[in-house]
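User: I'm new to this and would like to learn how to read a structure. Could you walk me through it, feature by feature?

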Amino acid sequence: MVFRKPPDGGWGWVIVVVSFFTQFLCYGSPLAVGVLYLEWLDAFGEGKGKTAWVGSLANGIGLLASPVCSICVSSFGARPVAIFSGFMVAGGLMMSSFAPNIYFLYVSYGIVVGLGCGLLYTATVTITCQYFDKRRGLALGLISTGSSVGLFIYAALQRELIELYGLDGCLLIVGALSLNILACGSLMRPLESSSSPPPEKMFADKVPDQYFVYHEKEKTVEENISILEKGYIDEKCVNNGPDCKQDSILNKNALSSININEKDTYKKKVVEQTNFCKQLAKRKWQLYLTYWKETMVLFKNKVFSALFVAILLFDIGGFPPSLLMEDVARSANISEDDYYMPLISIIGIMTTVGKLILGILADFKWVNTLYLYVTTLLMTGVALFAIPFAKSYLTLAMLSGILGFLTGNWSIFPYVTTKTVGIEKLTHAYGILMFFAGLGNSLGPPIVGWFYDWTQEYNTAFYFSGFCVLLGGFLLLLAALPCWNACTNQSSKLPPNTYSYKVASNA
């Protein structure tokens, strides 16, 4: 596939709009699953930890399967994957309305919807990067706000739909809305070069002739020669009589020698093909070895190792509030008359604000993005410790806004990764970190739910969450201190303090 130069505009802005609405439609319900979580608790009567697995799978499975999602988009293209994933998300939501038990929801909502969201995220990011180069950071920033806006709107929307049509009706309507992803996906026109040769011709040109075991053209030529020789022998036998037997014997000997040469040629080509396969397998094995060696080199960097621990602990402790805050308010016996706006909606809108403000701060040269990220982690841990002391809607709303704003530190995470490992290793490192972020998303809410099941209150659960986030923040801070770098003589190996979001997004 040969692509034209990114236009940085034109149809690219259509791609930005449809990618924004794609993330809005697919991530709206999974991120606002806290509203559905309350209904599932009442409907199935299971424990909070077991029920929390539904939302955690829906949000974590896409990150865990990110390598598979990347392979699918690379193999089939963004548009087919987006259309197929639209059916997955809509079908999973609609199937969830007929769920007879919580285990059915693990598959229909957790795995099917979660995997569809992961595929759609990869497709939207890939097609946007193809259309933008100089403005890639702006384009990616715009489409990333789609999920936060979806969280803000879907939290209130699902609550109203449940009151009007019940839980089953809500899931059916939300699933029907998700079918609009098909229209968005159909507009993701691939950026192909009109002068590019067809794939078959490109493949044939790239593969050397010696690696083909059998040639149709050669077979046709040999068959024609045999037919002509046979016709010539028959004609000579009719005209010359006795001489034809001798000529026939000579021709048979010649043909037998030709067959022997053909067999030798065929065997030679088989041997060459076998050697080619061996070399290909050896090359692939070397690539795998190189990948694991590079991974070990990354983990030898103490800042990267601390960042890996920090992102895992942050998602274990920092993600549960977006899923469980509604149940926290209900456990605090807050009156519905004081409930002006869903707490999840507050988290969603403040996450959008946090992404924008923290992203702008990271562009200033005097701001160290690694220390900025550590600050957000420490403040998140303090806010989580304060949740057990919040007994009114106003205090919970304030804490929800603070947590939502700090969760916007995802916008500066590419900066932090680039600062830690450098641009040349960004893709490799970012994939590893996203995998463990998905693992934290999947484990966090069930762990907090299990704490509630054991203690029958959320205080211990949020103390645990705050401790996890604070521990990750302190470990990252200690690893990033200049005095520690000087002691280990590795301070000179660190990349510069700041990198642009555009550069980090190139991966």
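Analyst: Happy to. Let's begin with one residue, Val353, which is partly exposed because its relative accessible area is 31%, and partly exposed means between 20% and 50%. Keep in mind that this is a predicted model.

User: Where is Val353 found?

Analyst: Look along helix 14, which covers residues 343–362: Val353 is found there. Together with Leu356 and Ile357, Val353 forms a nonpolar patch on the surface. The accessible area of those three together is about 230 Å².

User: Let me zoom out. How many helices and strands does the protein have?

Analyst: The count is 21 helices and zero strands. Of the 507 residues in the protein, 46% are buried. As for the outside, the protein exposes about 25,200 Å², and carbon and sulfur atoms supply 66% of that.

User: What share of the contacts with a separation of 6 or more is between residues 24 or more positions apart?

Analyst: That share is 85%. We'll meet some individual pairs in a moment.

User: Before that, how should I read a nonpolar core?

Analyst: The general idea is that in soluble globular proteins, nonpolar side chains tend to be buried together. Here, the largest nonpolar core has 120 residues, and the members touching the most others are Leu36, Tyr109, Tyr373, Tyr458 and Leu476. Helix 6 (residues 102–131) gives this core its largest share, 13 residues. The core also draws at least three residues from each of domain 1 (1–193) and domain 2 (275–484).

User: Which residues does Leu476 touch, not counting those up to four places away in sequence?

Analyst: Leu476 touches Val303, Ala306, Leu307, Ala310, Leu370, Tyr373, Val374 and Leu377. Tyr373 was also on the list of core members with the most contacts to other members.

User: Now a single spot: is Ser400 buried or exposed?

Analyst: Ser400 counts as buried, because its relative accessibility is 0% and the cut-off for buried is under 20%. You'll find Ser400 in helix 16, residues 393–407. Leaving aside neighbours within four places in sequence, Ser400 is in contact with Met325, Leu343, Ile346 and Ile347. Take Met325: it is 75 residues from Ser400 along the chain, yet their C-alpha atoms are separated by 8.0 Å.

User: What does Phe152 contact, leaving aside its neighbours within four places in sequence?

Analyst: Phe152 sits in helix 7 (residues 136–178), and its contacts are Met341, Ser345, Gly348 and Ile349. Phe152 and Met341 are 189 residues apart along the chain, with their C-alpha atoms separated by 10.0 Å. Phe152 is partly exposed, given its relative accessible area of 28%.

User: And how does that look from the side of Ser345?

Analyst: Ser345 is found in helix 14. Leaving aside neighbours within four places in sequence, Ser345 is in contact with Leu151, Phe152, Ala155 and Ala156. Ser345 counts as buried, at 1% relative accessibility, whereas Phe152 is partly exposed.

User: One last example: how far apart in space are Phe451 and Phe464?

Analyst: C-alpha to C-alpha, Phe451 and Phe464 are 8.9 Å apart, and in sequence they are 13 residues apart. Phe451 lies in helix 18, residues 426–455. Not counting residues up to four places away in sequence, Phe451 touches Gln456, Glu457, Thr460, Ala461 and Phe464. At 18% relative accessibility, Phe451 counts as buried, because that value is under 20%.

Methods. Residues numbered from 1 in each chain as written. Predicted model: local features only at pLDDT ≥ 70, side-chain atom pairs only at ≥ 80, totals over all residues. Heavy atoms only, no water. Patch = residues over 30% accessible without salt bridge, like charges linked within 9 Å, V, L, I, M, F, W, Y side chains within 5 Å. Areas by Shrake-Rupley, 256 points an atom, 1.4 Å probe, with all protein chains shown as cover. Salt bridge = Lys/Arg side-chain N within 4 Å of Asp/Glu carboxyl O. Helix = DSSP H or I, 4+ residues; strand = E, 2+ residues; numbered from the N terminus. Buried < 20%, exposed > 50% of the residue type's maximum accessible area, 1.4 Å probe, protein only. Core = buried A, V, L, I, M, F, W, Y, C linked by side-chain atoms within 4.5 Å. Domains from an automatic or database assignment. Contact = heavy atoms within 4.5 Å.
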